[in-house]
Amino acid sequence: MIDGIDKTILRHLKEDGRITATALAAKVGLTVAPCHRRLRDLEQSGVIRGYRADVDPAAVGLGFEAIVFVTLRQVDRTTVAAFEAKVTESVNIVEAQRLFGTPDYLLKVMAADLPAYQRFYDDELAALPAVERLKSTLVMKNLKTNIGPPV
């Protein structure tokens with residue numbers, strides 16, 4: 001179980017994942033050794049799953065986003081496994097959630113522009129196993145990106 005100090009460490013890491021152990025220790029009111037020990041424990045226990053760069057999609061030519069709702073024809077174990085394997089292989093699908101009820105999945109897709117998205121839709125999304133229905137909603141503006149769970 002994590003305590004208040006661990007939560008403070010996590011909050012600071014969410015703001016700056018490259019913060020030094022010395023600076024982090026100062027912010028949370030610990031000396032470096034206990035802060036580093038807590039950080040290592042959070043990593044080893046799986047609370048901290050990794051560190052990533054926050055890349056601006058537009059800066060790398062991916063300024064177009066769509067949310068795609070997917071309904072499958074059937075949801076047996078084999079079909080779901082095949083669908084999910086294809087989804088996880090796709091680099092353009094940057095987030096994917098399996099949902100209760102209808103639709104079955106929510107996918108976040110990134111592309112360069114509308115024509116690139118149309119090609120991806122026709123060539124890859126429509127070809128996913130057991131797809132009955134695809135419904136796309138275009139993202140107008142991102143107000144809040146995936147910042148992780150509140151801690």
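**Stop 1: a charged pair between two strands**

Select Glu 65 and Lys 108, which form a salt bridge with their closest N and O atoms 3.4 Å apart. This pair links distant parts of the chain: Glu 65 belongs to strand β1, while Lys 108 belongs to strand β3 (residues 105-111), 43 residues apart. Before you move on, keep in mind that you are looking at a predicted model.

Are Glu 65 and Lys 108 buried or exposed? Turn on the surface to look: both Glu 65 and Lys 108 are buried. As background, side chains of opposite charge can pair when their charged atoms come close.

**Stop 2: one arginine, two aspartates**

How many salt bridges does the structure hold? There are 4, and two of them meet at the next residue to select, Arg 38.

Show Arg 38 together with Asp 3: their side chains meet in a salt bridge, 2.9 Å from N to O. Arg 38 sits in helix α3 (residues 32-44) and Asp 3 in the segment before α1 (4-15), so this pair ties together parts that are 35 residues apart in sequence.

Now add Asp 6. Its side chain also meets that of Arg 38 in a salt bridge, here at 2.8 Å from N to O. Because Asp 6 lies in helix α1 and Arg 38 in helix α3, the pair ties together parts that are 32 residues apart in sequence.

With the three residues on screen, you can see Asp 3, Asp 6 and Arg 38 linked in a network of salt bridges. Their exposure is worth a look too. Asp 6 is buried, with a relative accessible area of 9%. Arg 38 counts as partly exposed at 23% relative accessibility, and Asp 3 is also partly exposed, at 31%.

**Stop 3: helices that cross**

Stay with α3, and show α1 beside it. Two packed helices are described by the angle between their axes and the distance between the axes. For α1 and α3, the angle is about 80 degrees and the axes are 11 Å apart. That makes α1 roughly perpendicular to α3. To see where they touch, select Ile 5, Asp 6, Ile 9, Leu 10 and Leu 13 on α1, then Cys 35, Arg 38, Leu 39 and Leu 42 on α3. You have met two of these residues already: Asp 6 and Arg 38.

Next, swap α1 for helix α2 (residues 21-28). The axes of α2 and α3 come within 9 Å and cross at roughly 100 degrees. So α2 and α3 are also roughly perpendicular to each other. Which residues make this meeting? On the α2 side they are Ala 21, Thr 22, Leu 24, Ala 25 and Val 28, and on the α3 side Val 32, Cys 35, His 36 and Leu 39.

For a contrast, click on Ala 33, which also has its place in helix α3. Ala 33 is exposed, with a relative accessible area of 51%. Try your distance tool here: the C-alpha atoms of Ala 33 and Ala 21 are separated by 8.8 Å, and the two residues are 12 apart along the chain.

**Stop 4: the nonpolar cores**

In soluble globular proteins, nonpolar side chains tend to be buried together. To explore this, select Val 68, Val 70, Phe 83, Leu 107, Val 109, Tyr 117 and Leu 125, the residues with the most contacts inside the largest nonpolar core, which has 20 residues. At least two residues come from each of β1, α4 (77-89), β3, α5 and β4 (131-138). Strand β1 gives the most, with 5 residues.

Zoom in on Phe 83. Beyond its neighbours within four places in sequence, Phe 83 is in contact with Val 70, Leu 72, Tyr 105, Leu 128, Pro 129 and Val 131. A second, separate core has 11 residues, including Leu 13, Val 28, Leu 39 and Leu 42.

**Stop 5: aromatic rings**

Finish with the rings. The structure holds 3 aromatic pairs. In one of them, the rings of Phe 64 and Tyr 117 have centres 5.5 Å apart and planes at 35 degrees, so the pair is tilted. Phe 64 is in strand β1 (residues 64-72) and Tyr 117 in helix α5 (residues 114-125), 53 residues apart.

Phe 64 is buried at 14% relative accessible area, and Tyr 117 is buried as well, at 5%. Last of all, add Tyr 121 to your selection: Phe 64, Tyr 117 and Tyr 121 form one aromatic cluster.

Definitions and conventions. Residues are numbered from 1 along each chain as its sequence is written. This is a predicted model: local features need pLDDT of at least 70, side-chain atom pairs count only at pLDDT 80 or more; totals for chains, interfaces and linings use all residues. Side-chain values use heavy atoms; hydrogens and water are left out. Rings of Phe, Tyr and Trp (its six-membered ring) pair if their centres lie within 6.5 Å; planes under 30 degrees apart count as stacked, over 60 as edge-to-face and the rest as tilted. Helices (H or I, at least four residues) and strands (E, at least two) are DSSP runs, numbered from the N terminus. Buried means under 20% relative accessible area, exposed over 50%, partly exposed in between (1.4 Å probe, protein chains only). A nonpolar core is a set of buried Ala, Val, Leu, Ile, Met, Phe, Trp, Tyr and Cys residues joined through side-chain atoms within 4.5 Å. Contact means heavy atoms within 4.5 Å. Axes are lines fitted to C-alpha atoms, for helices over the stretch in contact, and angles run from 0 to 180 degrees between N-to-C directions. Angles under 35 degrees count as roughly parallel, over 145 as roughly antiparallel, 65 to 115 as roughly perpendicular and the rest as oblique.
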